[in-house]
Amino acid sequence: MATSHHAHTGHNHSGHQVPGPDDHAMAEMLELDAEVLQDYLAELTGWLGELSDGEPRRIIDLGAGPGTGAFALARQFPQAEVTAVDVSPLLLHRLSTRAAALGLSARVTGLEADLDAGLPPLGDADLVWAASSLHHMSDPDRVLADAFAALRPGGLLAVTEMHFFPRFLPADIGVGPPGLEERVHTALDTSPFVDWTENLVRAGFTIEAARPFEVQLANPGTAAARYAEICLRRLRSHLDGQVSAEDLASLDTLLDVDGPRTLARRSDLDVRTTRTTWAARRP
Ligand SMILES: C[S@@+](CC[C@H](N)C(=O)[O-])C[C@H]1O[C@@H](n2cnc3c(N)ncnc32)[C@H](O)[C@@H]1O
C-alpha cells in the first residue's frame with residue numbers, strides 16, 4: 001500500500017501553516033518547473049482532453065501550490081473554470097496574483113482548505129488533478145475518496161508523481177569526482193515516487209492508463225539554470241555531514257553566483273525528469 005511521505009522535495013505536512021522564506025523558494029521552484037516544462041504540461045493536459053468525454057469545464061486542482069497545473073489546465077481548456085485547492089495561504093496568494101497577471105482571475109480561483117480535513121463540497125467536477133501533492137497528505141485514501149465524490153460519473157482523475165527529483169548536471173562537471181548529483185540525491189533519499197494504482201482501484205476508480213512522461217531538455221536556457229540553482233541550493237541546505245567535504249566544496253563552487261563555474265554560466269546543463277500520470281475514471 002502506498003502511504004509514504006517525503007519532506008525533502010517540497011512542503012511537508014507539519015510545516016505548511018507557517019509561511020517562511022522557504023515557502024517563497026518553493027513557490028519559485030514550482031513556478032520555474034512549470035515554465036521549463038511547459039511543453040510537457042501541454043502534452044499531458046492535451047492527453048487528458050483526449051481521454052475526457054467532452055472538454056472539461058469544471059476542474060479541481062488538489063494541492064495546487066502556486067497554480068502551475070491550474071494555469072496549464074486553464075490554457076488547454078479555454079471553457080474551463082479551475083478551483084485550485086491548497087492549504088498554504090502564501091501559495092494561494094501567488095496563485096491569485098499570477099491569475100490576475102494572466103487575465104485568468106475569472107477562471108482560476110484559489111480555495112484555502114486542508115485536504116486532510118476534507119474537500120469542501122464543490123459540485124460535480126469533470127476533471128480532478130493532483131500533481132506531486134498526494135504523497136504530502138496524511139491520509140491519501142481519504143483524499144482519493146473525496147476526489148471520487150467530487151467527480152461526476154464519467155469524470156476523470158489525473159494523479160501525477162515524479163519518479164525522481166529533477167536532474168540538471170552532467171556526470172563530470174569539471175570539479176571534484178564525477179557523479180556529484182547522484183551522490184547528493186542518494187545521500188538525501190529524495191525519491192518522491194509512490195505507485196497509486198492499488199489506492200485508485202480501492203477508491204472505486206477505473207484506471208484508463210498510467211503513462212510515464214520522460215523529459216530531457218538539452219541546453220534549456222536561463223529559467224532552467226535558475227531552476228537548477230534553486231533545487232541544488234535547497235538540497236545543499238540539508239547536506240552538511242551527509243556527503244564528503246570534497247562534494248560539498250564542488251556544490252558550493254556551482255552555487256557561487258560570482259564564480260567561473262556558476263550554474264548560470266554553464267552550457268552543459270540539461271533538465272531530466274520522469275513523471276507518471278494515472279488517468280482514472282469514476283464509473
Ligand atoms: C510539491 S507541491 C505541488 C504543487 C503543484 N501541484 C505542482 O505540481 O506544482 C505540494 C502542494 O501540496 C500542498 N499540500 C500539502 N498538504 C496539503 C493538505 N493537507 N491540504 C491541501 N494542500 C496540501 C502544499 O501546500 C503544496 O502546495
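Pro283 is found in the segment after strand E7, where strands (E, at least two residues) and helices (H or I, at least four) are DSSP runs numbered from the N terminus. At 60% relative accessibility, Pro283 counts as exposed; exposed means over 50% relative accessible area, buried means under 20%, and partly exposed lies in between (1.4 Å probe, protein chains only). The C-alpha atoms of Pro283 and Thr206 are separated by 6.6 Å, although these residues are 77 apart along the chain.

Before we go on, a word on the model. It is predicted, so local features need pLDDT of at least 70 and side-chain atom pairs count only at pLDDT 80 or more, while totals for chains, interfaces and linings use all residues. Residues are numbered from 1 along each chain as its sequence is written, and side-chain values use heavy atoms, with hydrogens and water left out.

## Salt bridges

Let us turn to charged pairs. The structure holds 18 salt bridges, a salt bridge being a side-chain nitrogen of Lys or Arg within 4 Å of a carboxyl oxygen of Asp or Glu. Three of them are listed here, including their N to O distances.

| Pair | Closest N to O distance |
|---|---|
| Arg226 and Glu28 | 3.0 Å |
| Arg94 and Glu31 | 2.7 Å |
| Asp33 and Arg275 | 2.8 Å |

What does the salt bridge between Arg226 and Glu28 tie together? Arg226 lies in helix H8 (residues 222–236) and Glu28 in helix H1 (residues 21–36), so this pair ties together parts that are 198 residues apart in sequence. Arg226 counts as partly exposed at 33% relative accessibility, and Glu28 is also partly exposed, at 25%. Both belong to a network of salt bridges that links Glu28, Arg226, Glu229 and Arg233.

Next comes the salt bridge between Arg94 and Glu31, with 2.7 Å between the closest N and O atoms. Here Arg94 sits in helix H4 (residues 89–101) and Glu31 in helix H1, 63 residues apart, and the pair links distant parts of the chain. Arg94 has a relative accessible area of 24%, which makes it partly exposed.

In the third pair, Asp33 forms a salt bridge with Arg275. This pair, too, links distant parts of the chain: Asp33 is in helix H1 and Arg275 in strand E7 (residues 270–281), 242 residues apart. Are Asp33 and Arg275 buried or exposed? Both residues are buried.

## Around the ligand

Now to the ligand. Which residues come nearest to it? Of the 18 residues around the ligand, the nearest are Gly63, Thr68, Asp86, Asp114 and Leu115; a residue belongs here if one of its heavy atoms lies within 4 Å of the molecule. By class, this shell has eight nonpolar, seven polar and three charged residues. In this scheme Ala, Val, Leu, Ile, Met, Phe, Trp, Tyr, Cys and Pro count as nonpolar, Asp, Glu, Lys and Arg as charged, and the others, Gly among them, as polar.

Some atom pairs can be picked out one by one. An N or O atom in the side chain of Thr68 is 2.7 Å from an oxygen atom of the ligand. A nitrogen atom of the ligand lies 2.8 Å from a backbone N or O atom of Leu115, and a polar backbone atom of Val87 is 3.3 Å from a nitrogen atom of the ligand. Taken alone the ligand exposes 600 Å², and the protein buries 96% of that; such areas come from the Shrake-Rupley method with a 1.4 Å probe.

## Strands and loops

Strand E1 (residues 58–62) is mostly covered, with four of its five residues buried. Five bridges join E1 to strand E2 (residues 81–86), and the two run parallel; two strands pair if DSSP finds at least two bridges between them. Asp61 stands opposite Ala84 in E2.

Ser88 has its place in the loop between E2 and H4. With a relative accessible area of 1%, Ser88 is buried, and its side chain reaches the backbone nitrogen of Leu91 at 3.1 Å.

Two other loop residues have a positive phi without being glycine. Ser132 has a phi near 50 degrees and is placed in the loop between strand E4 (125–131) and helix H5 (140–150). Ser132 is partly exposed, at 27%. Asn219 has a phi near 45 degrees and lies in the loop between strand E6 (206–218) and H8. With a relative accessible area of 59%, Asn219 is exposed.

How values were computed. Polar contact = N/O pair within 3.5 Å; in protein donor to acceptor, adjacent residues only side chain to side chain.
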